[in-house]
Amino acid sequence: METKGEDLVTRYDEAPLNARYWVSMALAVTTSIFDFFDFFIVGFLVAVLAPQWHLTFGQTSVMLLSAGVGAIVGSLAWGALADHFGRKTLTIAGVVLCALGAGSISINPDGAWILFACLRFVVGFGVGAVAAVALPLIVEYTPTRHRTILTSVTVIPVSLGILAASLTAATLLQLIGWRGLAALGFLPLAPAILIAVVMPESVRWLVSRGRHAEARRIVGRALNVPPDNLPQPAIAPAGHVRSPASSFADLLAKPKLFWLTVIVWFGASTANYGVFLWGPTIVALLMGVSPMQAAHLFVFVSLTGMLGRTAFSFLPQWLGRRRCGEIMGYGIALSLGAAALFFDRIIFGYPAFVVVLIPAALFFDGGFSNIAPYSAEIFPVRLSARGVGLAQAANGVGKISGPLCLALIAGASNLITPKATIEAVTPAFLFLAACGLAIGLAFSLLGIETHGKPLALESGDPAVAPRETVPVREHATTQRA
């Protein structure tokens, strides 16, 4: 039954989760898995090519790091473009770029390491682009009453891309060679085509841009009602009103959200990457085992991380995103701080470093399920992709600067992949613990709560209803999870 007081976004928020929604979400998650597969497969490719092409350390470093630089550029560029031109088109374009860059490495001439590095830059650009655009699309696509759980759950399978890269390299590398392995990079083209056919554009973005006619068609299909029966948004006479142009400078209009995003993502990336960079080597040194044996122990760390991502997908439903962000940050600080101070003690017959690091993964890895959607929720829709682009850029900078900081702490000459030493364990992991403390303080001092609150279209505070919304009957308001 139609109520003239209901606006278009509120009506869409009441839509059921139909088959199109679930298929669209599955496609979005699948593309992320494939993209991370393409992003991380390079380690195995370079391991094969470095001796064959007689590459120097500097050349292999450029080949490995070029994708990280591309991810930073891609997240910033695509975030800006998506806020102007839409989520769906830019998501598809990012996936296609990543797939073409990764697959084209299979025809890279022997010895052409510069071309290889350029193609890896394109791969990283595509991964960063998709991360900056697909996440806002998923968040805006999901009804408020389900958003906290469902958008967090989508982060859990992403790490399967890393696992798939390892398993594929282990089982197929000798069979199909490095070129065959690289050719698998074309696989994301299939879900990209399906996204173009199945997934609709973000209704919230369309309304924020004044494109109400297109939004009404999507809402009508979601509710299974004729678009003409839907109420016109209160500010949409003749469909000529559009949101003012925006730029990255607009993110600074809410400085606490800007710095919250930068601190949280830089700290989380540095802590996560630092543990996985140094952890296996430290375990090997403490236990007197080979790096391969230490890697087997790190399987438990990875599994705990997956468990943590599952936990941080459901906890915000009861505790809220801000409180879970504090738990993540302070949990990292306490656990990694303990690993730093008591690393050489023996607990249950194992070094305390090993025992502590397993539960620590609940925080430094699991917390990403909470902070990933949060980056899209705290900014208004017209700036959401830019906000996520900022988050992914800080994430990328953390992955690069983290190893540099660890190298400086350890006094290592190799600033790309610094070698862990027993003497450097305490200061290095105290630094990583400080990154966690910064995350916790950022949420405590700067964080806002987004759980159960409608996304803002214009305002910078998700707690404020969108400007297009008009009063509705009490029973028709957006449901809370």
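This is a short guided tour of a predicted model, stop by stop, with something to select at each one.

**Before you start**

Because this is a predicted model, local features are described only where pLDDT is at least 70 and side-chain atom pairs count only at pLDDT 80 or more, while totals for chains, interfaces and linings use all residues. Residues are numbered from 1 along each chain as its sequence is written, and side-chain values use heavy atoms, with hydrogens and water left out.

**Stop 1: the whole protein**

Show everything as a cartoon. The secondary structure comes to 18 helices and 2 strands; helices (H or I, at least four residues) and strands (E, at least two) are DSSP runs, numbered from the N terminus. Of the 481 residues, 54% are buried. Here buried means under 20% relative accessible area, exposed means over 50%, and partly exposed lies in between (1.4 Å probe, protein chains only). Contact means heavy atoms within 4.5 Å. Among contacts between residues at least 6 apart in sequence, 83% join residues at least 24 apart.

**Stop 2: colour by confidence**

Now colour by pLDDT, the predictor's confidence in each residue, from 0 to 100. The protein has a mean of 80, and 82% of its residues reach 70 or more. Where is confidence highest, and where is it lowest? Select helix α14 (residues 321-341) for the highest, at 93, and strand β2 (residues 350-351) for the lowest, at a mean of 72. Next select residues 1-6, where pLDDT stays under 50 and the model has 15 contacts beyond four places in sequence. Residues 235-242 also have a pLDDT below 50, and this stretch has 11 contacts in the model beyond near neighbours in sequence.

**Stop 3: helix α3 and the residue after it**

Select α3 (42-52) and show its side chains. Which residues of α3 are buried? They are V42, L45, V46 and L49. These residues cover an arc of only 95° around the axis, which puts them on the same side of α3; the arc is that of the directions from the helix axis to the C-beta atoms. Turn to the other side of α3 and you will find A47 and P51, which are exposed.

Just after α3, click on H54, which takes a positive phi of about 55°. H54 lies in the loop between α3 and α4 (57-85). Is H54 buried or exposed? At 70% relative accessibility, H54 counts as exposed.

**Stop 4: helix α9**

Move on to helix α9 (residues 189-198), where the buried residues are P191, A192, I195 and V198. Look down the axis of α9: its buried residues fall within an arc of 140°, so they line one face of the helix. Show α2 and α5 (87-104) as well, since the buried residues of α9 pack against both. The face turned away from the buried side of α9 carries the exposed residues I193 and V197.

**Stop 5: helix α2 and A26**

While α2 is on display, select A26, which sits in this helix. A26 counts as partly exposed, at 41% relative accessibility. Add T154, which is 128 residues from A26 along the chain; their C-alpha atoms are separated by 8.6 Å.

**Stop 6: the cavities**

Rolling a probe the size of a water molecule over the atoms shows where empty space is left. On a 1 Å grid over the protein atoms alone, a cavity is a set of points where a 1.4 Å probe fits but cannot get out, and lining residues have an atom within 4 Å of a point. Grid points are joined across faces, edges and corners, and a volume is the space filled by probe spheres set on the points.

How many cavities of 30 Å³ or more does the search find? There are 6 in the whole structure, and the largest has a volume of about 130 Å³. Of the 13 residues that line the largest cavity, select the closest to its centre: Y12, P16, N18, Y141 and A222. The elements giving two or more residues to this lining are α2 (19-40) and α11 (212-223), and the largest share, 3 residues, comes from α11. The lining divides into 10 nonpolar, 1 polar and 2 charged residues. Ala, Val, Leu, Ile, Met, Phe, Trp, Tyr, Cys and Pro count as nonpolar, Asp, Glu, Lys and Arg as charged, and the others, Gly among them, as polar.

**Stop 7: A352**

Finish at A352, in helix α15 (residues 352-364). A352 is buried, with a relative accessible area of 2%. Leaving aside neighbours within four places in sequence, A352 is in contact with F342, F343, R345 and I347.

Definitions and conventions. On a 1 Å grid over the protein atoms alone, a cavity is a set of points where a 1.4 Å probe fits but cannot get out, and a pocket is an open set with protein on both sides within 12 Å along at least five of seven lines; lining residues have an atom within 4 Å of a point.
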